[in-house]
Amino acid sequence: MNSPKRSVARSAARLAAVQALYQKDMEGTPLPKLLNEFHQHRLGQEVEDEQYAEAETDFFDDIVKGVDARRGEIDAAIEARLASGWSLKRLDKAMLQILRCGTYELLARADIPVGAAISEYVDVAKAFFDDREAKFVNGLLDGVAKDVRA
């Protein structure tokens with residue numbers, strides 16, 4: 001059984017992974033430098049008067065490295081569930097990273113129940129967006145889960 005502290009640390013790792021991948025996408029930061037920056041200066045640190053939660057570092061690393069390594073496969077799984085006429089390019093950049101991280105967990109982390117993974121990324125979406133976008137994350141990841149966890 002997961003402890004409440006571990007659950008919070010995993011939630012923090014998911015949010016940080018989305019932020020790290022967003023930064024990588026926007027700035028082209030090389031992966032080793034990006035991971036080091038988050039380890040040293042973000043995870044569990046105070047940045048600009050905001051206290052970042054203590055995150056499960058290994059879990060954070062797995063998501064960031066996994067999304068980076070399997071990006072083509074992940075993007076194909078997401079695109080397969082987008083409405084006709086939509087493409088990844090039309091998605092908000094933060095939304096795309098949320099969907100990529102959630103899809104990675106559904107593809108690669110069989111140890112994490114589908115409902116838990118989806119719920120966590122719906123919560124991450126709520127940190128950035130309104131309910132409508134959070135529902136979009138829920139629906140799309142549910143569709144991806146049906147495709148990859150059958």
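Here a residue counts as buried when its relative accessible area is under 20%, as exposed when it is over 50%, and as partly exposed in between, with a 1.4 Å probe and protein chains only as cover. The structure is a predicted model, in which local features need pLDDT of at least 70 and side-chain atom pairs count only at pLDDT 80 or more, whereas totals for chains, interfaces and linings use all residues. Residues are numbered from 1 along each chain as its sequence is written, and side-chain values use heavy atoms, with hydrogens and water left out.

**Exercise 1. Describe the chain as a whole, from its elements to its surface and contacts.**

Step 1. Helices (H or I, at least four residues) and strands (E, at least two) are taken as DSSP runs and numbered from the N terminus. On that basis the chain has seven helices and two strands, and their order from the N terminus is α-α-β-β-α-α-α-α-α.

Step 2. Of the 150 residues in the chain, 43% are buried. The accessible surface, calculated by the Shrake-Rupley method with a 1.4 Å probe, comes to about 8100 Å², and carbon and sulfur atoms hold 48% of this area.

Step 3. A contact means heavy atoms within 4.5 Å. Among the contacts with a separation of 6 or more, 70% join residues that are 24 or more positions apart.

**Exercise 2. Check the span of helix H7, and find which of its residues are buried and what they pack against.**

Step 1. The expected span of a helix is 1.5 Å times one less than its number of residues. Helix H7 (residues 131-148) has 18 residues and should therefore span 26 Å, which agrees with the 25 Å between its end C-alpha atoms. The same check on H3, with 13 residues, gives 18 Å from the first C-alpha to the last, close to the 18 Å expected.

Step 2. The buried residues of H7 are Ala134, Val137, Leu140, Leu141, Gly143, Val144 and Ala145. An α-helix has 3.6 residues a turn, so residues three or four places apart point the same way. The buried residues of H7 pack against helix H4 (71-79), H5 and helix H6 (114-128).

Step 3. Asp142 also lies in helix H7, but counts as partly exposed because its relative accessible area is 32%. Its C-alpha is 8.1 Å from that of Val114, although the two residues are 28 apart in sequence.

**Exercise 3. Take Thr103 and Leu31, and decide for each whether it is buried or exposed and what it touches****.**

Step 1. Thr103 is found in helix H5 and is buried because its relative accessible area is 0%. Leaving out residues up to four places away in sequence, Thr103 touches Ile74, Ala77, Ile78, Leu141 and Val144.

Step 2. Leu31 belongs to helix H2 (residues 31-41), and it counts as buried because its relative accessibility is 16%. With residues up to four places away again not counted, Leu31 touches Lys24, Val64, Lys65 and Asp68. Val64 is also listed among the buried residues of H3.

**Exercise 4. Locate the largest cavity and the largest pocket, and describe the lining of each.**

Step 1. On a 1 Å grid over the protein atoms alone, a cavity is a set of points where a 1.4 Å probe fits but cannot get out, while a pocket is an open set with protein on both sides within 12 Å along at least five of seven lines; lining residues have an atom within 4 Å of a point. Points are joined across faces, edges and corners, and a volume is the space filled by probe spheres set on them.

Step 2. There is one cavity of 30 Å³ or more, and the largest cavity has a volume of about 60 Å³. Its lining consists of Leu21, Lys24, Asp25, Val67, Asp68, Arg71, Gln97 and Arg100, and helix H1 (4-27), helix H3 (57-69) and helix H5 (93-108) each give two or more residues to this lining.

Step 3. For residue classes, Ala, Val, Leu, Ile, Met, Phe, Trp, Tyr, Cys and Pro count as nonpolar, Asp, Glu, Lys and Arg as charged, and the others, Gly among them, as polar. The cavity lining then divides into two nonpolar, one polar and five charged residues.

Step 4. Arg100, one of the lining residues, is in helix H5 and is buried because its relative accessible area is 4%. Apart from neighbours within four places in sequence, Arg100 is in contact with Asp25, Val67, Arg71, Ile74, Asp75 and Ile78.

Step 5. The largest pocket holds about 260 Å³ of space, and its lining includes Arg81, Trp86, Arg132, Phe136 and Leu140. H7 contributes the most to this lining, with four residues, and by class the lining has seven nonpolar, no polar and five charged residues.
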